[in-house]
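Please examine the sequence and the three-dimensional structure shown below before reading on.

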Amino acid sequence: MFSVCPSCARFNFVTNSIVEDVTSIDSKQFHVNLLDSKNLTFQRFSVKVPGHSPNTNGIHIGRSEEINIINSNIITGDDCISIGRGSRQVQITNVRCGHGHGISIGSLGKYKKEEPVSGIYVKNCTIYDTDNGVRIKTWLALHGGSVSNIQFEDIVMQNVSNPIIIDQMYCPNNECNRKIPSKVKISDVIFKNIRGSSRTPTAVQLTCSSSVPCKNVELSNVNLQYTGSKGPAKSICTNVKPKIIGKLISRRC
């Protein structure tokens with residue numbers, strides 16, 4: 001099935017369903033906006049939009065649980081998959097993600113009383129020619145919340161600017177007070193078996209909040225090579241002491 005979308009498709013309050021063999025082309029906004037749903041699977045789902053197109057997220061998930069995205073190909077100008085507040089038990093497997101902002105949890109902490117995000121598992125994916133690879137982002141200064149039990153495993157990065165990133169200083173267009181740290185708690189996050197190439201020297205950047213530092217972050221067998229001429233790949237860690245297992249890029253946190 002092919003769909004040329006003027007805006008986006010919404011899946012609200014959907015339960016026990018499968019969306020398969022659908023291609024969404026040139027949406028002006030989010031291709032799929034998924035809210036308040038449970039036990040919903042997307043498989044063999046494709047998104048095609050130019051890489052410079054803003055706000056064209058492939059699939060956005062919010063306030064939903066037991067969501068599966070498998071065997072899919074998403075080429076977009078924003079997040080291939082974005083996971084918002086209240087998302088629980090989300091599995092993303094065998095997804096190719098290109099040209100946008102990668103796979104993101106967040107942004108979080110913008111609204112009062114946001115529901116927690118937990119149980120997110122991203123495995124066996126390829127991310128290429130993107131600004132970010134796998135990312136968690138939370139707003140400065142605004143509201144609290146929590147992110148926990150997150151695992152990124154067996155990910156191939158190809159020419160990605162920021163392959164691994166936790167950004168708790170998210171504040172686009174100076175919309176918040178940069179002197180007040182993020183209030184969102186991040187804990188129990190694993191980056192495992194992640195390999196490939198970074199087009200910037202900082203292949204791993206973990207910038208956590210000074211008021212609620214990240215807890216129980218693990219980097220296991222991370223092998224990312226910088227493809228430029230500004231020295232070896234490096235990692236930067238702020239307000240977090242990650243557990244490092246096996247290989248990591250040459251300059252460590």
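This report treats the cores, the strand pairing, the enclosed and open spaces, and the backbone of the model.

The model is predicted: local features need pLDDT of at least 70 and side-chain atom pairs count only at pLDDT 80 or more, whereas totals for chains, interfaces and linings use all residues. Residues are numbered from 1 along each chain as its sequence is written, and side-chain values use heavy atoms, with hydrogens and water left out.

**Nonpolar cores**

A nonpolar core is a set of buried Ala, Val, Leu, Ile, Met, Phe, Trp, Tyr and Cys residues joined through side-chain atoms within 4.5 Å; buried means under 20% relative accessible area, exposed over 50%, and partly exposed in between (1.4 Å probe, protein chains only). The largest nonpolar core has 58 residues, and Ile92, Ile105 and Phe191 have the most contacts inside it. Strand S13 (residues 144–160) gives the most to this core, namely 6 residues. Strands (E, at least two residues) are DSSP runs numbered from the N terminus. Apart from the largest core lies another core, of 6 residues, including Trp139 and Tyr170.

Leaving aside neighbours within four places in sequence, Ile105 is in contact (heavy atoms within 4.5 Å) with several residues, among them Ile83, Val117, Arg135, Val147 and Phe152.

**Strand pairing**

Two strands pair if DSSP finds at least two bridges between them. S13 pairs in the parallel sense with strand S11 (residues 117–128) over 10 bridges, and Ser118 stands opposite Ser148 in S13. S13 also pairs in the parallel sense with S15 over 13 bridges; there, Val156 stands opposite Arg195 in S15.

**Cavity and pocket**

On a 1 Å grid over the protein atoms alone, a cavity is a set of points where a 1.4 Å probe fits but cannot get out, and a pocket is an open set with protein on both sides within 12 Å along at least five of seven lines; lining residues have an atom within 4 Å of a point. Grid points are joined across faces, edges and corners, and a volume is the space filled by probe spheres set on the points. The structure holds 1 cavity of 30 Å³ or more. Ala, Val, Leu, Ile, Met, Phe, Trp, Tyr, Cys and Pro count as nonpolar, Asp, Glu, Lys and Arg as charged, and the others, Gly among them, as polar.

| Space | Volume | Nonpolar lining residues | Polar lining residues | Charged lining residues |
|---|---|---|---|---|
| Largest cavity | about 30 Å³ | 3 residues | 3 residues | 3 residues |
| Largest pocket | about 600 Å³ | 8 residues | 11 residues | 10 residues |

The lining of the largest cavity includes Arg85, Leu108, Glu114 and Val184. The largest pocket is lined by 29 residues, of which Phe30, His60, Gly106, Ser107 and Lys137 lie nearest its centre. Strand S4 (32–35), strand S6 (59–62), S10 and strand S12 (132–139) each give two or more residues to this lining.

**Backbone exceptions**

Most residues other than glycine have a negative phi, and most peptide bonds are trans. A cis peptide bond, with omega about 10°, joins Gly106 and Ser107; Ser107 belongs to strand S10 (residues 103–108). Asn16, in strand S3 (residues 15–25), has a positive phi near 50°. Asn16 counts as exposed because its relative accessibility is 61%. Asn193, in strand S15 (residues 183–198), has a positive phi of about 55°. Its relative accessible area is 23%, so Asn193 is partly exposed.

Conventions. Helices (H or I, at least four residues) and strands (E, at least two) are DSSP runs, numbered from the N terminus.
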